[in-house]
Amino acid sequence: MLVKHGVISALTRSTSYSLPSSSSSSSVLRRQQFLVRTLCASRTHLPNLIRAMSSTSEADAESVLRTVTPSLDPKRHKGQAGKIAVIGGCREYTGAPYFAAISALKIGADLSHVFCTKDAAPVIKSYSPELIVHPVLEESYTISQLSEEEKRKVQDKVIGEVDKWMERFDCLVIGPGLGRDPFLLECVSKIMLVAKKFNVPFVVDGDGLFLVTNSIDLVKSYPLAVLTPNVNEYKRLVQKVLNCEVDEENAEDQLRSLAKQIGGVTILRKGKTDLISNGEIVKSVSIYGSPRRCGGQGDILSGSVAVFLSWAQQLKSGQVSPSENPSILGCIAASGLLRKAASLAFTKHKRSTLTGDIIECLGESLEDICPAS
Ligand SMILES: NC(=O)C1=CN([C@@H]2O[C@H](COP(=O)(O)OP(=O)(O)OC[C@H]3O[C@@H](n4cnc5c(N)ncnc54)[C@H](O)[C@@H]3O)[C@@H](O)[C@H]2O)[C@@H](O)CC1
Ligand SMILES: Nc1ncnc2c1ncn2[C@@H]1O[C@H](COP(=O)(O)OP(=O)(O)OP(=O)(O)O)[C@@H](O)[C@H]1O
Ligand SMILES: [Mg+2]
């Protein structure tokens, strides 16, 4: 343990991340181990792996799903299969955070929280009693009458409300249905700083990517950040970071450059084929899939990445090669499962397939690949 902690300290010093002071809790320890595995994977072992795999290779998503999904052990207590929090949900969008949060539960996480605006909270609560919903975020229109001093107090309160829960979460999903209100996004930037302080991994999606694209330092060189851009979000990222247009001919190399340029974050580029890179390796997932493009499928994906990433970080060393980055494994597993569930839902519902139908197929699809008993 002491040796491990020494390694952790050295690694965290070299990346200028500080560990939380109460590093005795098991979730903090797990995150430290995750950080070590992620850094080891990206610094020590990957060069060898890259030499062996210079071009993109199709991931064996089913095998990754079997590796990362924990067995249902009666000795485990509530929380050990994952505690996820979605930061998103505003006046316009209540579906997206719900889809992300409920997908996490349907896959097998124990607890799923949503931090959203006060307007969105009763709506999201009414979709499901399973979710723990915190009405804490504020948009500009609710505070327009306040002085600058009072606005700062509101911001501190918002951040305090999330901060007090932060250490309990295994992963955050930042952005589904967040909206683009400037005051709200400023609060979310601060929430990201708190997550980084506690080494909590986060998946950035939807409007979280709008925020990050305009303030890339929020995620730059944070090894526990995963970005899940769709076609538009990817285009904006490429334009902003690489200062060029999307190059479909050299899609893999461009994705690798983009991830490298953002300091080795993991990027899952969604599309006909999902491409995943951490700036070193590039993996693809193209199995299954559905021709229906109804809104909300990306939200299922971001909630799923959070769960599989959390499970991948719990794997004991020995079960998985140290060169396998938990963030990459989480992305491969989530992409494979979503595509299988979408395919199954489509065989049942054809043109009328909706996101809710795909969510209903998550359990059956996972069961098919790794049965619960
Ligand atoms: N039911 C809901 O509450 C949903 C809310 N969503 C949220 O809506 C917000 C905005 O997300 P968007 O994905 O619309 O933002 P984008 O910036 O990706 O899309 C903006 C515009 O681009 C178009 N577009 C999207 N995908 C495209 C594609 N593949 N090819 C061409 N044009 C495309 C959209 O129709 C939209 O008009 C996010 O916070 C997101 O999470 C979405 O997740 C969908 C479901
Ligand atoms: N052309 C396609 N063919 C097959 N599957 C696709 C295609 N485009 C996207 N997908 C699948 O759908 C998933 C969601 O991608 P999509 O581009 O719809 O995300 P999004 O726009 O962020 O969704 P949302 O509406 O939730 O915001 C991807 O992970 C991918 O597996
Ligand atoms: Mg989206």
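Reader: Which element gives the most to the shell around ligand 1?

Author: H10, with 3 residues. Helices (H or I, at least four residues) and strands (E, at least two) are DSSP runs, numbered from the N terminus. This is a predicted model: local features need pLDDT of at least 70, side-chain atom pairs count only at pLDDT 80 or more, and totals for chains, interfaces and linings use all residues. Residues are numbered from 1 along each chain as its sequence is written, while chains are lettered from A and ligands numbered from 1 in written order.

Reader: Which residues come nearest to ligand 1?

Author: Gly95, Ala96, Gly206, Asn232 and Gly295, out of 17 around the ligand (C-beta, placed from the backbone, within 6 Å). Helices H4 (95-107), H10 (231-241) and H12 (297-314) each give two or more residues to this shell.

Reader: How do I read the sheet?

Author: Strands of a sheet pair through backbone hydrogen bonds, either parallel or antiparallel. Here 10 strands form an open sheet, ordered S1-S10-S9-S8-S7-S6-S5-S2-S3-S4, with mixed pairing (a pair needs at least two DSSP bridges). S1 (57-58) and S4 (132-137) are the edges; each has a single partner strand, so one side of each lacks a neighbour in the sheet.

Reader: How many bridges join S9 to S10?

Author: There are 4, between S9 (residues 274-277) and S10 (residues 282-285), which run antiparallel. Ser277 has Val282 in S10 as its bridge partner.

Reader: Which strands does H4 touch?

Author: H4 packs on the sheet and touches S2 (83-87), S3 (111-117) and S5 (171-174) (contact: C-beta atoms, placed from the backbone, within 7 Å).

Terms used: Two residues are in contact if their C-beta atoms, placed from the backbone, lie within 7 Å. Axes are lines fitted to C-alpha atoms, for helices over the stretch in contact, and angles run from 0 to 180 degrees between N-to-C directions.
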